[in-house]
Amino acid sequence: MRTWSAPHIPDLQTAGPVPSVFDSRLHEIVKLPEDRESASLYVCGITPYDATHMGHAATYVTFDLLNRAWIDAGYDVSFVQNVTDVDDPLLERAEQTGVSWEALAEEQTDLFRSDMEALNVIPPNHYIGATESVDWIVPWVERMIEDGLAYRASGYTDDDGVEHPDGDVYFDVRAAADTEHEPARWYLGYVSNYSEREMGPLFAERGGDPERPGKKDPFDALLWRAHREGEPSWDGGSLGPGRPGWHIECTVIAERFLGMPYTVQGGGNDLRFPHHEMGAGHAYAMSKNRMAEHYVHTGMVGLDGEKMSKSKGNLVLVSRLRERGVDPSAIRLAILANHYRTDWSWTQELLDESEARIQAWRRVMTADPTDDDTRSSDAVITAVRQALAQDLDAPKALHALDEWVSQVEAGGPAGDRREVARVVEARLGVTL
């Protein structure tokens, strides 16, 4: 699948520090290994049935910050992202709107690409659709059945009288758990650290089917959905016609293009369970290895203090803001004004502040030529880099730049304005 155009990343005069991030699984800030020159990142992509909302944008801008931090530290970064271009929400939206699911997926993926390009997000090295990965997924599921780590469930008739066929394949979470190693490499709760009591309602809310008849365990996750009339399907070999489940898609794509364990698995906090939990389980079941060395998750984004959701109809869409003429750099600055791990709300006041901020920065950056004394610019450049190296603390970096701008506007020394502008573009992804 094609990706989007890469933004310009200026070359800087010196290398930046190696970043640290908060590992959600370990529940601590970890400094990413310094004894290597490469890093690998997998960020879970969209299900393209609706436009890019601010929660999406905040997640992808966050991991763009990490990508830029690695690049600045001299790392060679391998970045992979998927697109879940066939799944129940997509099929349901296509039916509601009277368009084909393929056309809807392509339309919304195109819109996502344009949003990411406008926000200066570095594109992945590999951008892979679920429909492109079916041929890789089928052998994995077949082998999991052979190894006793997955099973076929019998058909059933649901409460609405709809008949479901034999052949849905489920991941056996109890059989796959690591009982040989200390510390264990995977078990239910390994990634999320949630108790089973906490997992129960989340599994049902986030795409699971705990009440499905024929399952060995409520937490067993779907690997292969047997073909239903009116649904798209692919040749599943010995599995029969059907389509893959959600979690296995990311695991197989990550293993194929990054290997395991890769450096960071990223996504929104709502992916900790079940998505990243099950992905790690699939990885261990097939490779006897960890899926990722570190798990990094972003907070949730609301609107004016309320949870942002499709059901409430209160989504803030990047494309709508752009249509109104809002500068994408101001949108990005509004996101960066909040620490990536916090839950926050989008407000008009936040956008107004970000638009004023970008205007002030541009006034200073495009003013008089560089001063001979560069101590002022050296200090703010160091402050920005150090802030971003400390758990991607973008608000602290923005504060350092605001102070420098205020000092310069008050008549203080600016130093090398051009180098400050290069650092802002390279590290924060903001074009001045």
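This passage walks through two helices, a small sheet, a set of salt bridges and a few single residues in a predicted model.

Helix α13 is a good place to start. It covers residues 394-409, 16 residues in total, and its first and last C-alpha atoms lie 22 Å apart, close to the 22 Å expected at 1.5 Å a residue. The buried residues here are Ala394, Ala397, Leu398, Ala400, Leu401, Trp404, Val405 and Val408. Looking down the axis of α13, these buried residues stay within an arc of 160°, so they line one face of the helix. That set of residues packs against a handful of other helices, namely α1 (54-72), α10 (328-336), α11 (348-365), α12 (375-389) and α14 (417-428). The ends of α13 have something to show as well. Aspartate 393 caps the N-terminal end, with a side-chain oxygen 3.2 Å from the backbone nitrogen of lysine 396. Past the other end, just after α13, glycine 411 takes a positive phi of about 105°.

Helix α11, one of the partners of α13, has 18 residues and reaches 26 Å from its first C-alpha to its last, close to the 26 Å expected at 1.5 Å a residue. Its buried residues are Leu350, Leu351, Ser354, Ile358, Ala360, Trp361, Val364 and Met365. Among the elements covering them are α9 (318-323), α10, β16 (344-346), α13 and α14. So far as single residues in that cover go, serine 319 sits in helix α9. Serine 319 counts as buried because its relative accessibility is 8%. Leaving aside residues up to four places away in sequence, serine 319 touches Ala51, Leu111 and Asp115.

Strand β16, which helps cover the buried residues of α11, also belongs to an open sheet. Three strands make up this sheet, in the order β15-β14-β16, and the pairing is mixed. The edges are taken by β15 (306-307) and β16, each with a single partner strand, so one side of each has no neighbour in the sheet. Between β14 (residues 301-303) and β15 the pairing is antiparallel, over two bridges. Within it, leucine 303 stands opposite glutamate 306 in β15.

Turning to charged pairs, a search of the whole structure finds 26 salt bridges. One of them joins the side chains of aspartate 72 and arginine 385, at 2.9 Å from N to O. This pair links distant parts of the chain, with aspartate 72 in helix α1 and arginine 385 in helix α12, 313 residues apart. Aspartate 72 and arginine 385 are both buried. Another salt bridge holds aspartate 168 and arginine 228, whose closest N and O atoms are 2.6 Å apart. Here too distant parts of the chain are linked: aspartate 168 lies in strand β9 (residues 168-171), while arginine 228 is in the loop between β10 (222-226) and β11 (242-244), 60 residues apart. Aspartate 168 and arginine 228 are buried as well.

A third pair is glutamate 196 and arginine 174, with their closest N and O atoms 2.9 Å apart. Glutamate 196 is in helix α6 (residues 196-205) and arginine 174 in helix α5 (residues 173-176), 22 residues apart, and this pair again links distant parts of the chain. Glutamate 196 counts as partly exposed because its relative accessibility is 40%. Arginine 174 is also partly exposed, with a relative accessible area of 40%. Salt bridges that share partners also tie Arg2, Glu106, Asp110 and Arg113 into one network.

Two further residues round out the picture. Glutamine 81 lies in strand β4 (residues 76-83). With a relative accessibility of 1%, glutamine 81 counts as buried. Not counting residues up to four places away in sequence, glutamine 81 touches Trp4, Val43, Cys44, Gly45, Tyr60, Phe112, Pro124, His126, Tyr127 and Ile128. Proline 139, for its part, is found in helix α4 (residues 134-146). Proline 139 counts as partly exposed because its relative accessibility is 42%. From C-alpha to C-alpha, proline 139 is 9.3 Å from serine 238, although 99 residues separate the two in sequence.

Technical notes: Residues numbered from 1 in each chain as written. Predicted model: local features only at pLDDT ≥ 70, side-chain atom pairs only at ≥ 80, totals over all residues. Heavy atoms only, no water. Helix = DSSP H or I, 4+ residues; strand = E, 2+ residues; numbered from the N terminus. Buried < 20%, exposed > 50% of the residue type's maximum accessible area, 1.4 Å probe, protein only. Expected span 1.5 Å × (residues − 1). Arc of directions from axis to C-beta. Contact = heavy atoms within 4.5 Å. Polar contact = N/O pair within 3.5 Å; in protein donor to acceptor, adjacent residues only side chain to side chain. Pairing = 2+ DSSP bridges. Salt bridge = Lys/Arg side-chain N within 4 Å of Asp/Glu carboxyl O.
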